[in-house]
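Trainee: Could you take a close look at one part of this structure with me? I'd like to see how you move from a single piece to its surroundings.

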Amino acid sequence: MKIPGHKKRIAVIGGGVSGLVSIKCCLEEGLEPVCFERTDDIGGLWRFQENPEEGRASIYKSVIINTSKEIMCFSDYPIPAHFPNFMHNSQVLEYFRMYAKDFDLLKYIRFKTTVCSVKKQPDFSTSGQWEVVTESEGKKEVTVFDGVMVCTGHHTNAHLPLESFPGIEKFKGQYFHSRDYKNPASFSGKRVIVIGIGNSGGDLAVEISHTAKQVFLSTRRGAWIMNRVGHHGYPFDVLFFSRLKNYLTKIVSQSLLNAYLERQMNQRFNHEMYGLKPKHRALSQHPTVNDDLPNRIISGRVKVKGNVKEFTETAAIFEDGSREDNIDAVIFATGYTFAFPFLDDCIKVVKNKVSLYKTVFPPNLEKPTLAIIGLVQPLGAIMPISELQGRWVTQVFKGLKTLPSQSEMIRDITQAQEKMDKRYVESQRHTIQVDFIDCMDEFADLMGVRPNLLSLALTDPKLALQLLLGPYTPIQYRLQGPGKWDGARKAILTIDERIRKPMMTREVESSGSMTSTLTVAWVMLAVVFFAIIITYF
């Protein structure tokens, strides 16, 4: 039974990045969050531990994030200028700790507490409340909450498809999932096969090749390889993600866009010559980000192979008939599955597919008081998406925003799924794929925080031009509407300073010609921008 005027209590499950932003979003809307974290610390995926914990995401010691700091930052908390553009996992965790400390989030987290079950209250159809059973130090506790935000991520359960590799049970060497890999020391002088060419597979093949006798990188489909370093040394994603480029992708055919991206990637190295060229187009699969893989291939330390057909006691036979003998170890970089075992049949997951309205709300509940945060796979950063989801969800929980009818939600889910199915190759990897900019703009529109470039062009042309041509920063969603941040404009206009700062550690003579060229380019783009505004608006 609800008490009039009482502050709604929200259960937040998980203390990783999505959990942290959810706590803060609850506080911004005057809700009372209680976060349950099964371990003794925050960070989730980004907290490295030598020994993986059951049911918790795990990374290897050398992991460097593949989205740059200006694309991944929280919208009202820019990453410090002296931090590198692509951070080591320890620095990512340090940023999260700073965020949690500065917004005083830790006091809302109950560590070493496992959520056993989440069930509807008997009067759920009217109250929307949930019974949450937790366990800590052997003691169980039952608490009623007005809403639940599930923030457990999708890198928890290792997907190890041994049934697809006949003979693996006879293999005398070592084999395991990439989740259990921590460092390359134990592979010195060995012949190693890495199966899978996602980001983890590429990273492991490169790292192990520095100590191993030989590394074989096995892939069924091949992959397009992107580099962290873009034109003129800028992070690739601050160049790739901009509003102008996103507008252009809407008017250019998918085939032409694919051809352009493939040409760009092939200019760095010929994917066909390196044995990596896939049958699918560049935008039909989540790309692999790896700076060093072509260097290891050209030096012979990594050899690219096709899919493994079968294993013997000491060898691997590939589908093209080739064979590699004296294999010492096999690492399966074959991805992850996700599930919600604590939920009371509210959400069904089948082959990594789940039906959620806007990737967040189950459409079949009488009351919208259960939300999944961060269950998306963008080409781009997940952090700002989780934050926008949290901001929207807490407004729904508070009653400031409403959801459409069940039939409308199901229709929207079906359309979104058909769009993704049409574009991406069939794989468990692509069941929760979203387009970075479109996804964030969609949530921003639902809350009224998407910046109006036409209005800004008339009132603040400098900012409007930066938003159109510059990096697609999450900070733009704090310029207006609920949650407006006074520091947003300055933070957006100083993005370039923060990008350059960590690399300029030695004084060098400035190149005036480059500066003048860039200035002329910006002036020309500004003229074009305002000509479009005058002509069409």
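Mentor: Happy to! Let's begin with a word we'll need: a residue is called buried when its relative accessible area is under 20%, exposed when that value is over 50%, and partly exposed in between. Keep in mind that this is a predicted model.

Our part is helix H5, which runs over residues 199–208. How many of its 10 residues are buried? The count is 9, so the helix is mostly covered, by the definition we just met. Look for them in the structure: Asn 199, Gly 201, Gly 202, Asp 203, Leu 204, Ala 205, Val 206, Glu 207 and Ile 208.

What do these buried residues pack against? Several strands take part: S10 (191–195), S11 (214–218), S13 (288–289), S14 (302–305) and S18 (329–332). Helix H9 (293–298) is on the list of partners too.

Now pick one of those partners, strand S14, and find Lys 305 in it. Is this lysine buried or exposed? Its relative accessible area is 15%, so Lys 305 counts as buried. Leaving aside residues up to four places away in sequence, Lys 305 touches Phe 216, Leu 217, Ser 218, Thr 219, Phe 318, Ser 322 and Glu 324. Strand S11 covers 214–218, so Phe 216, Leu 217 and Ser 218 on that contact list belong to a strand that H5 also packs against.

Strand S13 leads us to another spot. Glu 262 and Arg 281 form a salt bridge, with their closest N and O atoms 2.8 Å apart. Glu 262 sits in helix H8 (residues 254–268), while Arg 281 is in the loop between H8 and S13, so the pair ties together parts that are 19 residues apart in sequence. The two ends differ in cover: Glu 262 is buried at 12% relative accessibility, whereas Arg 281, at 30%, is partly exposed. This pair belongs to a structure that holds 27 salt bridges.

For contrast with our covered helix, look at the surface. Leu 248, Ile 251, Val 252 and Leu 256 make a nonpolar patch of about 370 Å². Leu 248 lies in helix H7, residues 243–251, and its relative accessibility of 39% makes it partly exposed. So, to come back to where we started, H5 has 9 of 10 residues buried, while Leu 248 is partly exposed.

Key: Residues numbered from 1 in each chain as written. Predicted model: local features only at pLDDT ≥ 70, side-chain atom pairs only at ≥ 80, totals over all residues. Heavy atoms only, no water. Patch = residues over 30% accessible without salt bridge, like charges linked within 9 Å, V, L, I, M, F, W, Y side chains within 5 Å. Areas by Shrake-Rupley, 256 points an atom, 1.4 Å probe, with all protein chains shown as cover. Salt bridge = Lys/Arg side-chain N within 4 Å of Asp/Glu carboxyl O. Helix = DSSP H or I, 4+ residues; strand = E, 2+ residues; numbered from the N terminus. Buried < 20%, exposed > 50% of the residue type's maximum accessible area, 1.4 Å probe, protein only. Contact = heavy atoms within 4.5 Å.
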